[in-house]
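Please look at the structure shown below, and follow the report with the model in view. It takes up a pair of helices and then a pocket.

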Amino acid sequence: MTRIFSGIKPSGHVTLGNYLGAVRRWVEVDQHRAEALFCVVDLHALTVDHDPARVRRLSRQAASLLLAAGLDPRLCTVFAQSHVAEHARLSCLLECVASEAEARRMAEYAERAGAARRAGRGVRLSLLTYPVLMAADILGYRADEVPVGDDQAEHVELARELAVRFNQRYGAVFVVPRVTLSPVGARVMDLREPAVAMGKSSASAAGVVYLLDEPEVIARKVMAAVTDDEPGVSYDREGRAGLANLLEILSACTGKEPQVLAESYGDAEALKRDTAEAVVEALRPLRARHAGLSADPGYVDGVLREGAARARELARPTVDAAYRAIGLLPPG
Ligand code: TYM
């Protein structure tokens, strides 16, 4: 059976980009068609300056939002990365397979390290090795597919290269995974800055819709989206990025093609109104379920505990095999 692995980093509040680019497909498609694992990758949240209490809170909130979005622990495994030691164990080996130069080439590293330096902060070593830990997340489960938004595709590509390299050097331990992207919503852009992706850690929240924003806040953010001065509505990603983003968000919520939607609007205001309403409606059931779950943290913790036990069982034999293959003495 196909195995799927994906993850979400509790470094900020979960956004509409996370939902449309990844989580919604995990819920609607992936958990039904494969053996799927979805992970709150909390170790990754420590790669930039962090507040321990906030990471703890956001980790539980991310888990609860995944369940509220519709991940069903009877169908898939939901767990926290730090609860399964195999991720760190394997990362340590993969650091001996990856090169420093290839880690430095990652666009996300360049962007975040640049931002940290500009702000006069140091760059954590873990920010550089982050994609190697991500490769360990994937390879430890022998995952066939990794459903992500397109900003993460370069990291999955590195995981593929490391799998091939390890297998060639030390023996066939890993499955070479492939990335799967959402047909729509793979890159939701910031509503105020349509040239950059909508991100959890954006400097300004004005262009970012969070799943837990109140409906009025969502409507206000969408109505204030930046478009352009040309009259009418057309779908042109390069030339009219703001409009294209709204059309893609509306498309992701309604299932209609962005080009077809563009033809049915005479002006940006009407498009914004309908997009705001569609987003609010798409998120309404999730918000309601999340309210119920956050009143019952014991349930969420129980799901994570059982998920970690299952994940450990799946990853341990592969990670043990990698330890043997690379030349480490088996424990007596
Ligand atoms: P993270 O937490 O940044 O994002 C979680 C998922 O949401 C997608 N995404 C987006 N999709 C469309 N438009 C956007 N604006 C947008 N923003 C985020 C991301 O592509 C991702 O699929 N490094 C990963 C987490 C991770 C992981 C893994 C993923 C760690 N280990 C192993 C897959 C497999 C990350 O920071 O995702």
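In this predicted model, helix α1 passes helix α9 in a left-handed crossing. The contact between them is made by Leu16, Leu20 and Arg24 on the side of α1, and by Ile249, Ala252 and Cys253 on the side of α9. When these contact residues are sorted by class, five are nonpolar, one is charged and none is polar.

The axes of the two helices, α1 with residues 16–33 and α9 with residues 241–254, come within 12 Å and cross at roughly 45°. Angles from 35 to 65 degrees fall outside the parallel and perpendicular ranges and count as oblique, and α1 and α9 are therefore oblique to each other.

The report now turns to the second largest pocket, which holds about 260 Å³ of space. Of the 14 residues that line this pocket, Asp42, Val55, Arg56, Ser59 and His83 are the closest to its centre. Helix α2 (52–69) and helix α12 (297–326) each supply at least two residues of the lining, and α2 gives the most, with five residues.

The classes of the residues that line the second largest pocket are set out in the table.

| Class of lining residue | Number in the second largest pocket |
|---|---|
| Nonpolar | six residues |
| Polar | four residues |
| Charged | four residues |

The lining of the second largest pocket thus includes four polar residues, while the contact of α1 with α9 has no polar residue.

Notes:
Residues numbered from 1 in each chain as written. Predicted model: local features only at pLDDT ≥ 70, side-chain atom pairs only at ≥ 80, totals over all residues. Heavy atoms only, no water. Axes fitted to C-alpha atoms, helices over the stretch in contact; angles between N-to-C directions. Helix = DSSP H or I, 4+ residues; strand = E, 2+ residues; numbered from the N terminus. Parallel < 35°, antiparallel > 145°, perpendicular 65-115°, else oblique. Left-handed = near helix turned anticlockwise from the far one by under 90°. Contact = heavy atoms within 4.5 Å. Nonpolar A, V, L, I, M, F, W, Y, C, P; charged D, E, K, R; others polar. 1 Å grid on protein atoms, 1.4 Å probe; cavity = no way out; pocket = protein on both sides within 12 Å on 5 of 7 lines; lining within 4 Å. Points joined across faces, edges and corners; volume = space filled by probe spheres on them.
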